[in-house]
Amino acid sequence: MRKTFYTSALSTITAAMMVIGFTPTFAEDQVVPEPPVELGDDFVPPKLSETQDKDKTIVLHATILFKDPDDHALCKPGENGTFEVLFGEDHDIHPTGTIRLRSMAPEYLEVDENNNWIAKKEGVVPVAYEWEYSKETMDALKEKYPGYAFVSTDTVETFTVTVSNIISVFRLYNPNTGEHLFTTDRAERKELARLGWTPERISWNNREDQRLPIRRLYNPNAGDHHYTMDEREVDYLVKAGWKLDGTALYSESEKDIPVYRCYNPNAKAGSHHFTTDKKEYDSLVKLGWKAEGIA
């Protein structure tokens, strides 16, 4: 009988977290700060009298975007990375400048002057950011709105990072073979993205301390990966020429969320797909994939 694997719900995370003086929120719930009201190309600054010149002011409120929000949404103690941030559009201008991030609890999450981070211990950590537009951006704004003064908002903007031993299972897509690959290794995810794989959403989250390892194997002839909890299947595939990648994921008890597996009979690589999304699973089956039930 084929073993099945499960993943855990995150509804119990909050109770287990050490909250650092504020209500915990999760990065996946974060909303990027609202940009200022956009002024269209047909906007004409109002004609003001000299006594009203003090009102000719535009408050700049930078929008900070993350190139890859999933890269830091949930991280384990000991993991590290870099906050890759850029400015969102402001008044129809694409700003350049500097963005400096600062951890409000460096004993939990340390951030250096280059926005590199290191997760220290479990907690929900607020990270503040300071920003400054470049001279080129300010010149472009002044040219677009002559006679106006520009001031930056005094509001300190923050987002949160959750440091936890709950680990993320990342999913990537190979546009050349159609294969999806699953990994909990943040460094592997970045390297595959550099090689042309497309990072997709976090598929699910697991507790690392589970005793039910899921093995990942690689077929060097077909370029395909396979996942299994069955050690007899592992031994059989290794003898048949597959390469053992090691333990890629972990499974949990049958009380948790099931991970479904389906099979594409037409694919040469990436023939198996895994998902916790029952709607995605049912949709693929309707498209011709073979339902294999809980993986």
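Two strands count as paired if DSSP finds at least two bridges between them, and this rule underlies the description of the sheet in the views that follow, which are all taken from a predicted model.

**View 1. The open sheet and its strand order.**
In this predicted model, an open sheet of 4 strands runs in the order E4-E12-E10-E7, and its pairing is mixed. Strands of a sheet pair through backbone hydrogen bonds, and they do so either parallel or antiparallel. Strand E4 (74-75) and strand E7 (97-103) are the edge strands, each of which pairs on one side only. Where E4 meets strand E12 (residues 157-163), the two are parallel and are joined over 2 bridges.

**View 2. Cys-75 in the edge strand, with Cys-262.**
Which residue of E12 stands opposite Cys-75? The residue facing Cys-75 is Val-163. Cys-75 has a relative accessibility of 1% and therefore counts as buried, since the cut-off for that word is under 20%. Cys-262 is likewise classed as buried, with a relative accessible area of 0%. A search of the whole structure for disulfides finds 0.

**View 3. Asn-115 in the loop between E8 and E9.**
Asn-115 has its place in the loop that links strand E8 (109-111) to strand E9 (116-119). Is this residue buried or exposed? With a relative accessible area of 8%, Asn-115 is buried, because that value falls under the 20% limit. Leaving aside residues up to four places away in sequence, Asn-115 touches Gly-81, Thr-82, Phe-83, Val-85, Ile-99, Arg-100 and Leu-101. To one of these, Leu-101, there is also a polar contact, in which the side chain of Asn-115 reaches the backbone nitrogen of Leu-101 at 3.1 Å. The backbone of Asn-115 deserves a look as well, for its phi is near 65 degrees, a positive value in a residue other than glycine.

**View 4. Asp-92 in the loop before E7.**
Asp-92 is found in the loop between strand E6 (85-87) and E7, the latter being one of the edge strands of the sheet in the opening view. Although Asp-92 is not a glycine, its phi is positive, at about 65 degrees. Asp-92 is partly exposed, because its relative accessible area of 32% lies between the limits of 20% and 50%.

**View 5. Asp-230 in the loop ahead of helix H4.**
The loop between strand E17 (224-228) and helix H4 (231-239) holds Asp-230. Asp-230 is buried, with a relative accessible area of 16%. A polar atom of its side chain lies 2.9 Å from the backbone nitrogen of Arg-232. Arg-215 can be shown in this view too, since its C-alpha atom is separated by 8.3 Å from that of Asp-230, although the two residues are 15 residues apart along the chain.

**View 6. Helix H5, its two faces and its two ends.**
Which residues of helix H5 (residues 278-286) are buried? They are Glu-280, Tyr-281 and Leu-284. These buried residues lie on the same side of H5, because they cover an arc of only 100 degrees around the axis. The face turned away from that buried side carries Lys-279 and Lys-286, both of them exposed. At the N-terminal end, Asp-277 caps H5, with a side-chain oxygen 3.0 Å from the backbone nitrogen of Lys-279. Just after H5 comes Gly-288, whose phi is positive at about 115 degrees.

**View 7. The whole protein, for orientation.**
The secondary structure of the protein comes to 5 helices and 22 strands. Of its 295 residues, 43% are buried. When contacts between residues at least 6 apart in sequence are considered, 69% of them join residues at least 24 apart. The accessible surface comes to about 16300 Å², and carbon and sulfur atoms account for 51% of that area.

Technical notes:
Residues numbered from 1 in each chain as written. Predicted model: local features only at pLDDT ≥ 70, side-chain atom pairs only at ≥ 80, totals over all residues. Heavy atoms only, no water. Buried < 20%, exposed > 50% of the residue type's maximum accessible area, 1.4 Å probe, protein only. Contact = heavy atoms within 4.5 Å. Areas by Shrake-Rupley, 256 points an atom, 1.4 Å probe, with all protein chains shown as cover. Polar contact = N/O pair within 3.5 Å; in protein donor to acceptor, adjacent residues only side chain to side chain. Arc of directions from axis to C-beta. Disulfide = S-S within 2.5 Å.
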